Amino acid sequence: MKVLRIVANIETSDIAAAKRFYQDVLGLDVVMDHGWIRTLGSQDKMNVQISFAAEGGSGSPVPDLSIEVDDVDAALDAMKAAGLAIEYGPADEPWGVRRFYARDPFGRLVNILSHR
């Protein structure tokens, strides 16, 4: 047996609110929509990972989600243009990533990063 996919499930009564943050700003596509559940993603193959953490690194809180992007500064600009608050960073971390934290519409702390 091997794990094929890990999906983060975020409970909300306002599924449409995910569109602005995850689809409009971060560019994810709708890959499934049954009305009561909408899955956003990409057709690109991605690594299967799950992290367990005592802290978020550099004294930051543990984020609920980490999203790796190809251009973290473009993602940061898109977040700011959408009027979303940045809660940490941008920071060039000693373990080789550039990242920032923002809150999604559901209060989840999201770590958005690129490897340097």
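Let's start with strand 5: six of its seven residues are buried, so this strand is largely enclosed by the rest of the structure. Please keep in mind as we go that the model is a predicted one. One of the residues to look at here is tyrosine 101, which has a relative accessibility of 1% and counts as buried.

What surrounds strand 5? Begin with the sheet: it is open, has four strands in the order 3-6-5-4, and its pairing is mixed. Strand 3 and strand 4 are the edge strands, each of them pairing on one side only. If you compare neighbouring strands of this sheet, they are turned against each other by 15° on average, with direction ignored. Helix 2 packs on the sheet and touches strand 4, strand 5 and strand 6. The direction of helix 2 makes about 20° with that of strand 5.

Now follow the chain from strand 4 into strand 5. These two strands pair in the antiparallel sense, with four bridges. You can find two of the partners by eye: alanine 91 is bridged to arginine 99 of strand 5, and aspartate 92 is bridged to arginine 98, also in strand 5. The hairpin they make has four residues between the strands, and glycine 96 takes a positive phi near 95° there.

On the other side, strand 5 pairs with strand 6 (residues 109-115), again in the antiparallel sense, this time over seven bridges. Here alanine 102 stands opposite valine 110 of strand 6. This is a hairpin too, with five residues between the strands, and glycine 107 in its turn has a positive phi of about 85°.

Aromatic rings are a good next stop. A pair of such rings is described by how far apart the centres are and by the angle of the planes. How many aromatic pairs does the model hold? The count comes to two. Phenylalanine 21 and tyrosine 22 form an edge-to-face pair, with 4.7 Å from centre to centre and 70° between the planes. Both phenylalanine 21 and tyrosine 22 are buried. The other rings to find are those of tyrosine 88 and tyrosine 101: their centres are 5.1 Å apart and their planes stand at 45°, so this pair is tilted. Since tyrosine 88 lies in strand 4 (residues 86-92) and tyrosine 101 in strand 5 (residues 97-103), the pair ties together parts that are 13 residues apart in sequence.

Phenylalanine 21 and tyrosine 22 take us to helix 1 (residues 17-25), whose buried residues are Ala17, Ala18, Phe21, Tyr22 and Val25. Looking down the axis of helix 1, you would see these buried residues fall within an arc of 135°, so they line one face of the helix. An α-helix has 3.6 residues a turn, so residues three or four places apart point the same way. What do the buried residues of helix 1 pack against? Their partners are strand 2 (38-41), strand 3 (65-68), helix 2 (72-81), strand 5 and strand 6.

Just past helix 1, the loop leading to strand 1 (29-33) holds leucine 26. Its relative accessibility is 18%, so leucine 26 counts as buried, given that the cut-off is under 20%. Leaving out residues up to four places away in sequence, leucine 26 touches Phe21, Ile67, Ala75, Met79 and Ile112. Leucine 26 and isoleucine 112 are 86 residues apart along the chain, yet their C-alpha atoms are separated by 9.6 Å. Glycine 27, which follows helix 1, has a positive phi near 80°.

These threads meet in the core. In soluble globular proteins, nonpolar side chains tend to be buried together. The largest nonpolar core of this model has 17 residues, and those with the most contacts inside it are Phe21, Tyr22, Leu26, Met79, Phe100, Val110 and Ile112. At least two residues of this core come from each of helix 1, strand 3, helix 2, strand 5 and strand 6. For phenylalanine 100, the contacts beyond four places in sequence include Val72, Ala75, Leu76, Met79, Tyr88, Val110 and Ile112.

One last visit is to threonine 39, which sits in strand 2. With a relative accessible area of 17%, threonine 39 is buried. Not counting residues up to four places away in sequence, threonine 39 touches Asp29, Val30, Val31 and Met32.

Methods
Residues numbered from 1 in each chain as written. Heavy atoms only, no water. Phe/Tyr/Trp six-rings, centres within 6.5 Å; stacked < 30°, edge-to-face > 60°. Buried < 20%, exposed > 50% of the residue type's maximum accessible area, 1.4 Å probe, protein only. Pairing = 2+ DSSP bridges. Arc of directions from axis to C-beta. Contact = heavy atoms within 4.5 Å. Axes fitted to C-alpha atoms, helices over the stretch in contact; angles between N-to-C directions. Core = buried A, V, L, I, M, F, W, Y, C linked by side-chain atoms within 4.5 Å.
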